[in-house]
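Visitor: Please take a close look at one part of this model with me. I would like the answer in plain steps, with the values behind them.

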Amino acid sequence: IVWIHDYHLIPFAEACRMLGIRNRIGFFLHIPFPAPEILTAIPPHNELLKTFCYYDLIGFQTDTDRLAFQDYITREVRGIIEPDGSLTAYGQNFRAGVYPIGVMPDEIQQTAASYRGRRQLIGRNSEGGLRQMIISVDRLDYSKGLVERFKAYETFLDRYPEHRRNVEFIQIAPTSRSDVKTYQAIRQQLESEAGHLNGRLSDLDWTPLHYLNKSHERRTLMGLFRAADIGFVTPLRDGMNLVAK
């Protein structure tokens, strides 16, 4: 059995079949599958979807994704849903299913329980109590809504000034695909937004936003999640978001 992951390798099964490989091949899509109306806007959509059909089994995160795929197959290429639930298109027979991916909560709980760093991370408010902590951890990616998140946080502090000095927001966003111009642009924009927010609202003893553009070890992240009062997850569109889970 060969198991392939994510959109980068969609054509993999077709290439294997052309080489004479007859193993059973499965594919799991980590991202949302677009509705046919959106997908057909891509010029080579027909060629791309044809390569899906060389898999024996295609897995999706949600039933919405599976139905969007099935809708495309039946509407755009006149595929058939067989009595046993399988699909036939482009001369191939295959199955599509829903397999939501989660995390291992017991392991996460055990790792997080050993963390005792909250007082070292969060400053105190004017009454001497610990400030509330907001945590976000994402790849530096345009789909995660990071710029919108910074702007929303700034709007929150403007509309509810009584929360200033009582809350701190930690955003961890390691660099992703640093050689791609789109990702370079989002990094520059985030750095600009963070500087603008802190420059406008910070005080000598309070920094509202801590933006960290680097990776942290798993134990530290689990501890931060445990220590935080609020988890801030705002993707514009996402599939397998394990931070949210």
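Guide: In this predicted model, Asp141 sits in the loop that runs between strand 7 and helix 7 (146–159). Is Asp141 buried or exposed? The cut-off for buried is under 20% relative accessible area. Asp141 has a relative accessibility of 4%, so it counts as buried.

Next come the partners of its side chain. The side chain of Asp141 has a polar contact of 2.7 Å with the side chain of Ser143. A polar contact of 3.0 Å links the side chain of Asp141 to that of Tyr183. Tyr183 appears again when residues up to four places away in sequence are left out: Asp141 then touches Leu146, Arg177 and Tyr183.

Strand 7 also borders another loop. This loop lies between helix 6 (118–121) and strand 7 (132–137), and Arg131 is found in it. Arg131 has a relative accessibility of 2%, and therefore it counts as buried. What does the side chain of Arg131 have within reach of its polar atoms? The backbone oxygen of Arg165 is 2.5 Å from a polar atom of this side chain. For the backbone oxygen of Asp205, the distance to a polar atom of the Arg131 side chain is 3.1 Å.

To sum up, strand 7 has a loop on either side: Arg131 is in the loop between helix 6 and strand 7, and Asp141 is in the loop between strand 7 and helix 7. Asp141 counts as buried, and Arg131 counts as buried. The side chain of Asp141 meets the side chains of Ser143 and Tyr183, while the side chain of Arg131 faces the backbone oxygens of Arg165 and Asp205.

Definitions and conventions:
Residues are numbered from 1 along each chain as its sequence is written. This is a predicted model: local features need pLDDT of at least 70, side-chain atom pairs count only at pLDDT 80 or more; totals for chains, interfaces and linings use all residues. Side-chain values use heavy atoms; hydrogens and water are left out. Helices (H or I, at least four residues) and strands (E, at least two) are DSSP runs, numbered from the N terminus. Buried means under 20% relative accessible area, exposed over 50%, partly exposed in between (1.4 Å probe, protein chains only). A polar contact is a pair of N or O atoms within 3.5 Å; within protein, one must be able to donate a hydrogen and the other to accept it, and residues adjacent in sequence count only if both atoms are side-chain atoms. Contact means heavy atoms within 4.5 Å.
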